Structures are given as C-alpha cells and as structure tokens.
Amino acid sequence: MAAATSNRRVILKRYVTGVPSEDDMEVVMAEAPPLGVPAGSAAVVVKNLYVSCDPYMRIRMTRHEVPSFIPDFIPGEVLANNGVSKVLSSGHPDFKAGDLVWGMTGWEEYTLISNPESLFKISHPELPLSYYTGVLGMPGLTAYVGFFEVSKPKKGEYVFVSAASGAVGQIVGQLAKIADCYVVGSAGSDEKVNLLKTKFNFDDAFNYKKEPDLDAALKRCFPEGIDINFENVGGATLDAVLPNMRPGGRIAACGMMSQYNLEQPQGVRNLFYVVAKSLRMEGFVVFNYYGMYRRFEEEMAGYLRDGRVAYVEDIADGLDSAPAALVGLFSGRNVGKQLVAVAALE
C-alpha cells in the first residue's frame, strides 16, 4: 500500500493558562505514518473520519506538577481525543482493514495506534457514524454510567442536570425521563433552554445567565428539593445545588467545567449540607466503566431507533476548524455535541 505524502494535524503550541485561544494550537502538515503496518507489529493504522471536542481536553493543555487522571498534552505534539476511524492496515488479530472503529486517536488525518486494545469496533454502522463521538461513544457511556451506576435513580425522583444541552447532559436528561424521573436542566442560552424542553423532553429548564440568584431558580424548579444532581459545571452552580438537595440525595460529579480555565479554583461554601442532609457525592471517570460498553451500545442504539433518545450535534468542517471548535466550548458557542468532520467515508 502506498504511503500518504502528508498528514494534516493539530498540535499544542504551548501550555495554556486561563481561557484557551485558537493561537494555543496550530494546524501543521507532517509526514504521514506508513499506511502499511510493519510485519510482526500489533498496531493499526487508521484514517480519521471524525474527532470529538470535549471540555476535559482543556485539563490536558495545562502542565500539572501533580499528575492528573490523564496525561498532559506535550507542546509540539498532536492533540488526541476520541474519534471515529477506518482501519487501513492492522497487525492485530481483532481488527482488519476496512473495519470502522471508535476510540482514542490523534487530531490528524492518519494515526498509528500502537495500543489498539483501546479501540471499539462499531456495531451499528447503519446509524450516523458521527454518533460514535457522542451518544454512542464516550459521552453517551458517561451519561449512562453516571446516571444509572453512580446516581442509582428511583422512579419519581427529582433530577437536576447542569450544562444540560451539552454532549453528556442532553443524554442524562432523556435517560432520566426513561427512568420515570422529573428532570430540570440549566443551559446558557434561550435557544438551548428551548431545545431541552421541546426536543430532549426535560420537564423544565432555565437559562442560568438570566438568573441573578441560582438558589432561587432551583427553589422555583424544585420546591420539594433535588434527589439527584448530575454535576457538569461546579463552582457557583454546585454551591447553589447543595442547600436544595433532599436528605439522602446523590451528586454524580462528572465535570467541573466552570473551573477549568481558572488559575485558582473557586471554593464551595455549602459543603456542610453533605453532612447535614446525609448526601453522597461521588466523582467518576468513564474509562473505568469501558467494560460496560457493549451493553450500553445495544441499549442506546435501541433508544435511538425507537425515538426515546434524540441527539443534536454541532459539526465543524475540517481540521482547520478544530481549534476554534474546541475553544468555542468554553463560551457556549456550540449547540449540542461538538465534533469535527475530518474526512468522508470512502
């Protein structure tokens, strides 16, 4: 197989402090890896079709003296995240040329993956392949395990989801309705609030940017209190949630997006409610639940087919648009799951 002559890729130019900018990244041309895997290698070479933009990537763009849950990016090297790819060549027995897969790959046209055990074959190519960066991929599994395994909902409970129109939040809310719960979400624009109510079947929603008092907004939406808080934002949102939790409530800490660009994280003043109301607050990392993926994939594919789960994507076209797409997450520019289309399936 002939080798490609070039490989467009997105690299980190420097470690980031504060709010990331497009200039912290650069789109460069590099030499593509050989498209044929060397004899005896268990690696695979893939052509990337879609790559995902996720808020946790911001954590990897800062140099950490104390290691985080996932390694820091290295300036000058290609960014990486989950993507959808086509296998071009493989030395691994579980994969063959032509397979469609999703998993960790580079923000580039072609990637040599030395550890293909981290890849999942796509079982439902009849559904949009882009869904495997979202509702059928890591964000979908995050919503599923965070809600069902960590939060452990009961019928009729009251659920609050912050950042509810994002890749994870929109799914959590719909799973809450499937579980016969009452669900309210917060989002950052009237357009997103309308999506939550009309497309994603939330019982209620509010634009947090128009609420001068988050505590009052939560009391209005939850006069009897909150049983489950699916927390994606942290900071002032979490602080307002704590007094509004019901005794024995559960907080699934999925992300703290409001804190990622701060050099000094905000404090949370209302933590005593964890004691006073016998709350359980549990953080989780989705990578620890990948053993559940096949069960989740089949269940979610069924929900998509029968219309019980709807999904909204925001697709940027081409790797040149990837830095702006990632930066836009932190100003709420995207509507729905943000991803980048790299190449068409051939």
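In this predicted model, helix α2 offers Pro139, Gly140, Ala143, Tyr144, Phe147 and Phe148 to helix α3, where they meet Ile171, Val172, Leu175 and Ala176. Sorted by class, the residues of this contact are nine nonpolar and one polar, with no charged residue among them. The geometry of the pair can be described just as briefly. Helix α2 spans residues 138-151 and helix α3 residues 169-178, and the two pack at an angle of about 45°, their axes lying 9 Å apart. An angle of about 45° makes α2 oblique to α3. The crossing in which α2 passes α3 is right-handed.

We turn next to the sheet. Six strands form an open sheet with parallel pairing, and their order is β10-β9-β8-β11-β12-β13. Strands β10 (204-207) and β13 (280-283) are its edges, each pairing on one side only. On average, and with direction ignored, neighbouring strands of the sheet are turned by 15° against each other. Within the sheet, strand β8 (residues 158-161) runs parallel to strand β11 (residues 226-231), and three bridges join the two. Val159, for instance, has Ile228 in β11 as its bridge partner.

Helix α2, already met as the partner of α3, also packs on this sheet, where it touches β8, β11, β12 (245-253) and β13. The direction of α2 makes about 145° with that of β11. Helix α5 (residues 214-221) packs on the sheet as well, and its contacts are with β8, β9 (182-187), β10 and β11. Here the direction of α5 makes about 165° with that of β10. Strands β8 and β11 are thus touched by α2 and also by α5.

Methods:
Residues are numbered from 1 along each chain as its sequence is written. This is a predicted model: local features need pLDDT of at least 70, side-chain atom pairs count only at pLDDT 80 or more; totals for chains, interfaces and linings use all residues. Side-chain values use heavy atoms; hydrogens and water are left out. Axes are lines fitted to C-alpha atoms, for helices over the stretch in contact, and angles run from 0 to 180 degrees between N-to-C directions. Helices (H or I, at least four residues) and strands (E, at least two) are DSSP runs, numbered from the N terminus. Angles under 35 degrees count as roughly parallel, over 145 as roughly antiparallel, 65 to 115 as roughly perpendicular and the rest as oblique. A crossing is left-handed if the near helix is turned anticlockwise from the far one by less than a right angle, and right-handed if clockwise. Contact means heavy atoms within 4.5 Å. Ala, Val, Leu, Ile, Met, Phe, Trp, Tyr, Cys and Pro count as nonpolar, Asp, Glu, Lys and Arg as charged, and the others, Gly among them, as polar. Two strands pair if DSSP finds at least two bridges between them.
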